Amino acid sequence: MSEQSERSVIVERTSSGQFVATNTRGGSIRFGTSPDGDQDTGFTPVELFLAAIGGCSAVDVDKATGRHAEPTRFSVTVTGDKVSDDLGNRLTNLEVAFTVAFPDDEGAERARAILPRAVKASHDRLCTVSRTVEIGTPVRTTVTDA
């Protein structure tokens, strides 16, 4: 694998149930679960996963439509059902729903016209996150003795 293709983050524990993920450029995001049931913990790992799916497609679609018009509204809602069964804990029924509006002008007509194709292209071939989920990629885990 070439240096340019590898992507990585480091996840470090900051306190009980709390973590920070840092990318190679120095960006970071805090997330976690609360051991005492307090829901005011920011994002959970599952919510970050849903955000990654929505964010990946949002970037693709915004790039395609934004060339023609600045949206007046652009939101992506990603939902899924968390289940626990014989296959373990996982999400099912993943759905990505775009709500996009453009002003009434010539560029907006073009943006509206390509919006469905841009969403389809993101889903079918561009979004690395949802493509990885759809195709299925094994996850290998290791333990390194510190």
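Here are a few worked exercises on a predicted model.

**Exercise 1. The core**

Work out which residues make up the largest nonpolar core, and which helix supplies the largest share of this core.

*Solution.*
- Start with the member list: V61, A64, A69, V100, F102, A108, A111, L115 and A118, nine residues in total.
- Next, look at the helices. Both α1 (45-66) and α2 (106-126) put at least two residues into this core.
- Now pick the main supplier: α2 gives four residues, the largest share.
- Finally, zoom in on one member. Leaving out residues up to four places away in sequence, A108 touches H68, A69, F102 and P103.

**Exercise 2. A nonpolar patch on the surface**

Find the residues that make the nonpolar surface patch of about 210 Å², then decide whether L94 is buried, partly exposed or exposed.

*Solution.*
- The patch is made by F49, L94 and V133.
- L94 sits in strand β5, which covers residues 88-101.
- For the accessibility call, the cut-offs are under 20% for buried and over 50% for exposed. L94 comes in at 36% relative accessibility, so L94 is partly exposed.

**Exercise 3. Cysteines**

Say how many disulfides a search of the whole structure finds, and classify C56 and C127 as buried or exposed.

*Solution.*
- Recall what you're looking for: a disulfide is a covalent bond between the sulfur atoms of two cysteines.
- The search turns up zero disulfides.
- C56 has a relative accessible area of 17%, so C56 is buried.
- C127 has a relative accessible area of 0%, so C127 is buried too.

**Exercise 4. Salt bridges**

Count the salt bridges, then go through the pairs of D85, D104 and D124 with their accessibility.

*Solution.*
- Some background first: side chains of opposite charge can pair when their charged atoms come close.
- With a cut-off of 4 Å between nitrogen and oxygen, the count is four.
- D85 pairs with R90, and their closest N and O atoms are 2.5 Å apart. D85 is partly exposed because its relative accessibility is 37%, and R90, at 31%, is partly exposed as well.
- D104 meets R112 at 3.8 Å, N to O. D104 is exposed, with a relative accessible area of 76%, while R112 is partly exposed at 29%.
- D124 bridges to K120, with 2.4 Å between the closest N and O atoms. D124 is partly exposed at 34%, whereas K120 is exposed at 53%. Both lie in helix α2, four residues apart, which is about one turn of the helix.
- Last step, look for shared partners: D104, E109 and R112 are joined into one network by salt bridges.

Notes: Residues are numbered from 1 along each chain as its sequence is written. This is a predicted model: local features need pLDDT of at least 70, side-chain atom pairs count only at pLDDT 80 or more; totals for chains, interfaces and linings use all residues. Side-chain values use heavy atoms; hydrogens and water are left out. A nonpolar core is a set of buried Ala, Val, Leu, Ile, Met, Phe, Trp, Tyr and Cys residues joined through side-chain atoms within 4.5 Å. Buried means under 20% relative accessible area, exposed over 50%, partly exposed in between (1.4 Å probe, protein chains only). Contact means heavy atoms within 4.5 Å. Patches are made of residues with over 30% relative accessible area and no salt bridge: like charges are joined within 9 Å, nonpolar side chains (Val, Leu, Ile, Met, Phe, Trp, Tyr) within 5 Å. Accessible areas come from the Shrake-Rupley method with a 1.4 Å probe; for residues, only the protein chains shown count as cover. A salt bridge is a side-chain nitrogen of Lys or Arg within 4 Å of a carboxyl oxygen of Asp or Glu. A disulfide is a pair of cysteine sulfur atoms within 2.5 Å.
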